[in-house]
Protein chains: 4
Amino acid sequence: MIDVQSQKDLRGISIQKVGIKDLNWPIVVMDRENKTQTTIARITAAAELKGDIRGTHMSRFIEAIDELKVVGPKEIEKLLDKIKEKLNSEKAYIRFDFPYFINKRTPVTATLSPLKVDCYFEAEKDQKFDLKTGVIVPVHTLCPCSKEISEYGAHNQRAYVTIEVRMKKFMWIEELVEIAEASASCPLYSILKRPDEKWVTERAYQNPRFVEDLLREVVLKIKENGRIKWYKVFVESIESIHNHNAFAYVEGEIRK
Amino acid sequence: MIDVQSQKDLRGISIQKVGIKDLNWPIVVMDRENKTQTTIARITAAAELKGDIRGTHMSRFIEAIDELKVVGPKEIEKLLDKIKEKLNSEKAYIRFDFPYFINKRTPVTATLSPLKVDCYFEAEKDQKFDLKTGVIVPVHTLCPCSKEISEYGAHNQRAYVTIEVRMKKFMWIEELVEIAEASASCPLYSILKRPDEKWVTERAYQNPRFVEDLLREVVLKIKENGRIKWYKVFVESIESIHNHNAFAYVEGEIRK
Amino acid sequence: MIDVQSQKDLRGISIQKVGIKDLNWPIVVMDRENKTQTTIARITAAAELKGDIRGTHMSRFIEAIDELKVVGPKEIEKLLDKIKEKLNSEKAYIRFDFPYFINKRTPVTATLSPLKVDCYFEAEKDQKFDLKTGVIVPVHTLCPCSKEISEYGAHNQRAYVTIEVRMKKFMWIEELVEIAEASASCPLYSILKRPDEKWVTERAYQNPRFVEDLLREVVLKIKENGRIKWYKVFVESIESIHNHNAFAYVEGEIRK
Amino acid sequence: MIDVQSQKDLRGISIQKVGIKDLNWPIVVMDRENKTQTTIARITAAAELKGDIRGTHMSRFIEAIDELKVVGPKEIEKLLDKIKEKLNSEKAYIRFDFPYFINKRTPVTATLSPLKVDCYFEAEKDQKFDLKTGVIVPVHTLCPCSKEISEYGAHNQRAYVTIEVRMKKFMWIEELVEIAEASASCPLYSILKRPDEKWVTERAYQNPRFVEDLLREVVLKIKENGRIKWYKVFVESIESIHNHNAFAYVEGEIRK
C-alpha cells in the first residue's frame, strides 16, 4: 500500500510541530498521599517535520502513548524519545492536561473531601529534555480596596492561580497547590460545615488580596523554594462586582 | 440533478426537528433606548419531517433567515411561516442566542458604560405561534448565612439569573434585566469608580441573598408584572468559597 | 450557631430544584468488559424546597455523594433516598456527566485502542424512581446527496449521536454505543493503520447517511431492542462544507 | 477616600501584565467591502506594574477603551498610549477577539451569504508599537492518503487555519482569509445549492491536503505576499475518522 506521508516534498518548508490534539486518554499520575492517581488526560503530541518529507504518521503518536504506564518526568522523557524514533524526527513535543484530586480537611470541623485541581505537563525534547509542570488552583480572594473604603463587607470571589514551573529538583503537584493556597485570601473546600464557613469568611476578611498581591505572594514563595529554576504565574479573578475578570501575569528565571 | 432529500423513505419514522445548528449571523434586535441594536446571533433552526420523506433541504433555512430584517416577535412568526412553506413542513422551530448591551449609570458617580447580557428568543409554530424570551443576567449575591455567623465580612460572588418568559403583552429585554438586577444583592457594572465600589460593597452587605432568595424575589416580581403568562427562572452562583456552583430552578404558569 | 437556611420563609414560593452544580468528583461506573471503570464526573444534585423554608444545606448533597461506592441504578436510587432524608425533601435529583472509555479493535489490523464516549445518568425520585441513561457517541457520516450528485468523492464528517433512554431492563453503556455506531456511515477509532483507513473510507462511501438517516436507523434499533421504554435521539454533524452544524432530534415512548 | 492601589509595595516584584480580561464590548472594525463593520469583541487589556506600587486602577482600562471609535492599527496604538498615561505605566497591552463576517458568492449559483471568521488584534507598546493580526478561517480538507489507498471516496473534514502576522504594510482581514481559503482543499460557504455542493465535493477530491500541505501552502503565499514580516500558522483539523484532531504549527520571520 502506497505511503503518501513518506513522499518527497519539494516546497522546502519544515514544520515545527505536527501531530495530534485533544486525544482523551486514561492515565496514571504520581500522588503524594496515595502513590498514584488514575485520571483522564487531554493529550497533544507532535514532532518536527523536515522540509523535504510530505507528512507525519499520526497513528504512531498514539501507539507510543499507549505504551505509557505512569506519567512522571522520566516516563515523559522516554515517551518523547520513542516518538522521535517512531517518527524519525529530531524533536518531539507532548502536553497532558488532566484533573487531579487532593483530599483536604476543613479548618474547623476537619471534614475531609477531595478538591479538583486542573494540572498539566508540557515537555519537549531535541537533544535536551525540557519539562514544565503546571497547576491551576481555585482559591478565594477578597478585595483590599473594597474592604478599606467600605463601612462593612468587602467584595470577594473565586480566582484561579496558574503556577507553571521548570524544576531543579522534583516537587509534588500538592506542593505547588499549597503555594497557591497559602498566597490567597483563603483556600477552597468542597464541603464546608457552618463553623468552617465562619472561619473561611473571617480569614478572608483579615487577609485581603488584590490579584497583584496574590501573584506577588506566589512569586516570593517560588523564589524561596529552592527547587524551581523558572516560573510563570497567572492569576485570574472572577470579579464579583463586574461581568469581566481581572488578571495578573509574570514569568521569570531564578539564577542561583 | 437528482434530489436525494426528496426521495421516499420507507422507515416510517417522523422526525420532530431537523435543521441547522450554531449558524453565526449578524442580526438587528429591538432596543428600548436606541430603537435597534446590531448584534451577532448563534442560530438553530429546524422543521418537522414526515415519516415518508428522506431528508431536509438545509440551505432553505438559511435563505429564510437571510431575508430577516429585525428580529422581533412578528418577524419571528413570519420567519417560521416561511420555513414551513419553503420546507413543506407543518411545524418550524428557531432559536437565536445573542449578546445584548445595556448602557447603565453607576449609582454614585453616574458613570455610563455598557453591560453585556446574553439573551435568546426560542419559538415554534405549527398552527399556534409560541415564543419564549430569555435573558441571562450577571448579578452579585452575598451569602446571608456567612454574614450572620461571621464576626465580619460575608462571602459573595458573581451569579447569573436566567429569566425565560412567555408574554401576554410585549416587554423589553431591559425590563426582564431590571427584574433580575432588582432581586439580587446588587447589580453589576462594567466601570466602577471608588465611590461606586463603596456603594456596591455596602449595598450587597445590607442586602444578602441565597440563590433561593434571589430566585423567589424574581418570581414575586414576575407574578406582579401582569404581562407574563409563563416563566422559568434559573439562578446559578459561582460560589466563591467552593470550586463548584450553587443553583436554584423553578418554572410556573400565571393564570389570571 | 444560627441556622439561617432553616428560617421560615413568608414568600410562599416553593422551588422545584435547588442544589449544587458542576462539582467534579471521582466515581466508579460499571464496565461490561472489566466490571468497573474509574472516571471523573461533573455532578449536579438538587432537592425540592417547600415554600415556607428559606434555604437548603448545600454541604449535605456532597456528604451524600461522598458515601457513594459504584454509580449504578440501585446506588443512584439509594443516593436520592439519602438526599431526600438529609435535606428533609420530598423530591431529589441528580445528574452525573462523565467520560467513559471503550476498548475497540480496528476492522482490518485488529489494533486495540480506547475510544472516549461522553455519558450521563440523570435521575429523580419523589415516590417513584426515574432514571435516564445517555451516551454521546462520536461517529462518521458521509452525505448521500453529495455522493449522488458528484462525479467522485462525497463530503463526510465527524458527527455525535446522543442516545438517551429509560430502560425496562438493564443495558450496558456499550450496547447503546453499539446502536449508534452500527447506524452511522462508519464507527470511529483512536488508532487506524493504513489498511484500516482504507476500510473505513470505503465502508463510509458505501454507506452514506444524512443526519436524518442516522437518527432513523438508531430509532429502528431502539424499537427492536426490547429493553427500552422511552428514548430521545439527537444527532449533530460537524458539517465539513459549512461553518455550522446539522442536527436531527426525536423522542418517543415504546408501548408494548 | 483612601487609594489602596497607589500604596507603596515593599515586595519588590514587578508585574509584566496586570489588567482586565474577557470584557465584552461592541466595536467597529475596518471592512474592505463596506468600509466598517460593527461587531462584538472580547477584550483583554493590561499594563506593566513596577515593583514598588501595590495595585492597578482597573476602571481606567475601560475608560480608555470607551473612547475608542474604530479599531484599526493607528487607533490601537493611540489606545495603548492612553493606557500607559492613565495608568502611569511604561508598557501597555491589548487584545481584541471578535467575529467578522465576509460576504461570499458560491462557485456555481453565485448565491451570496456571510461567513463568520474569528479574528483578533494583539498589540503591545513600550517605546515601540507591536501589532499582530490574526484570522481563524474555517476550511475543508480532504486526506491525500485516504484518497490514494481507497478504491473510492476519501475522508474529509472541517479544519481551522489560524494565520497570525506582523505586517510591513497594511493588509485587509479579507486578504488573510483568502490566503487560507486558497490553500485548503476547498473554502466553506454558509449556503450551498446543489450545483455548488457538487462543485465543492469534486474540487476537494481533486485537491487533497494534509494539515501539513495546507500549512505549507499558506506559508508559501505568506512568503510571496511582500507585506508580511513575521507569521505564525496553525492548522487544526477535526478529523472525521477519529475522535481527536490533527494539527500543524510553524512560525517564522521574513527577512528581505
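A salt bridge is a side-chain nitrogen of Lys or Arg within 4 Å of a carboxyl oxygen of Asp or Glu. The exercises below apply this and related ideas to a predicted model.

**Exercise 1. Describe how chain D meets chain A, and decide whether the pair D:Arg54 and A:Asp213 fits the definition of a salt bridge.**

Step 1. Begin with the extent of the interface: 54 residues of chain D are in contact with 54 residues of chain A, and the area buried between chain D and chain A is about 4,400 Å², with carbon and sulfur atoms giving 61% of it.

Step 2. Turn to the charged pairs, of which the rule finds ten salt bridges across the interface of chain D and chain A. In the pair D:Arg54 and A:Asp213, the closest N and O atoms are 2.8 Å apart, and the cut-off is 4 Å, so the pair counts as a salt bridge.

Step 3. Add the polar contacts, for which the rule finds 30 residue pairs across the interface of chain D and chain A, both residues being at pLDDT 80 or more. The elements giving two or more residues to the side of chain D that touches chain A include strand S1 (15-31), helix H6 (211-225) and strand S10 (245-253) of chain D, and the largest share, nine residues, comes from S1(D). By class, that side of chain D has 29 nonpolar, eleven polar and 14 charged residues.

Step 4. Finish with the strands, since strand S1 (residues 15-31) of chain A and S10(D) pair in the antiparallel sense over five bridges, where A:Lys21 has D:Asn245 as its bridge partner.

**Exercise 2. Describe the contact between chain C and chain B, and find which three residues of chain C supply the most buried area against chain B.**

Step 1. Chain C has 54 residues in contact with 54 residues of chain B, and the area buried between the two chains is about 4,400 Å², of which carbon and sulfur atoms give 60%.

Step 2. The three residues are C:Ile13, C:Arg216 and C:Phe247, which supply 18% of the area that chain C buries against chain B, more than any other three residues.

Step 3. Between chain C and chain B the count is ten salt bridges, and one joins the side chains of B:Asp213 and C:Arg54 at 2.8 Å, N to O.

Step 4. S10(B) and S1(C) pair in the antiparallel sense over five bridges, with C:Gly19 as the bridge partner of B:Phe247.

**Exercise 3. Explain why strand S9 (residues 228-237) of chain B can be called largely enclosed, and name its partner strands.**

Step 1. Seven of the ten residues of S9(B) are buried, so the strand is largely enclosed by the rest of the structure.

Step 2. Strand S7 (residues 156-167) of chain B is joined to S9(B) by nine bridges and runs antiparallel to it, and B:Thr162 stands opposite B:Phe234 in S9(B).

Step 3. Strand S10 (residues 245-253) of chain B also pairs with S9(B) in the antiparallel sense, over eight bridges, and here B:Ser237 has B:Ala246 as its bridge partner.

**Exercise 4. Classify A:Gln7 and D:Gly72 as buried, partly exposed or exposed.**

Step 1. A:Gln7, in the segment before S1 of chain A, has a relative accessible area of 28%, which means that it is partly exposed. A:Gln7 touches A:Ile2, A:Asp52, A:Ile53 and A:Arg54, not counting residues up to four places away in sequence.

Step 2. D:Gly72, in the loop between strand S3 (70-71) and helix H2 (73-86) of chain D, has a relative accessible area of 1%, so D:Gly72 is buried.

Note on methods: Residues are numbered from 1 along each chain as its sequence is written. Chains are lettered from A and ligands numbered from 1 in the order in which they are written. This is a predicted model: local features need pLDDT of at least 70, side-chain atom pairs count only at pLDDT 80 or more; totals for chains, interfaces and linings use all residues. Side-chain values use heavy atoms; hydrogens and water are left out. Contact means heavy atoms within 4.5 Å. Buried area is the accessible area (1.4 Å probe) that two parts lose on being put together, summed over both. A polar contact is a pair of N or O atoms within 3.5 Å; within protein, one must be able to donate a hydrogen and the other to accept it, and residues adjacent in sequence count only if both atoms are side-chain atoms. Helices (H or I, at least four residues) and strands (E, at least two) are DSSP runs, numbered from the N terminus. Ala, Val, Leu, Ile, Met, Phe, Trp, Tyr, Cys and Pro count as nonpolar, Asp, Glu, Lys and Arg as charged, and the others, Gly among them, as polar. Two strands pair if DSSP finds at least two bridges between them. Buried means under 20% relative accessible area, exposed over 50%, partly exposed in between (1.4 Å probe, protein chains only).
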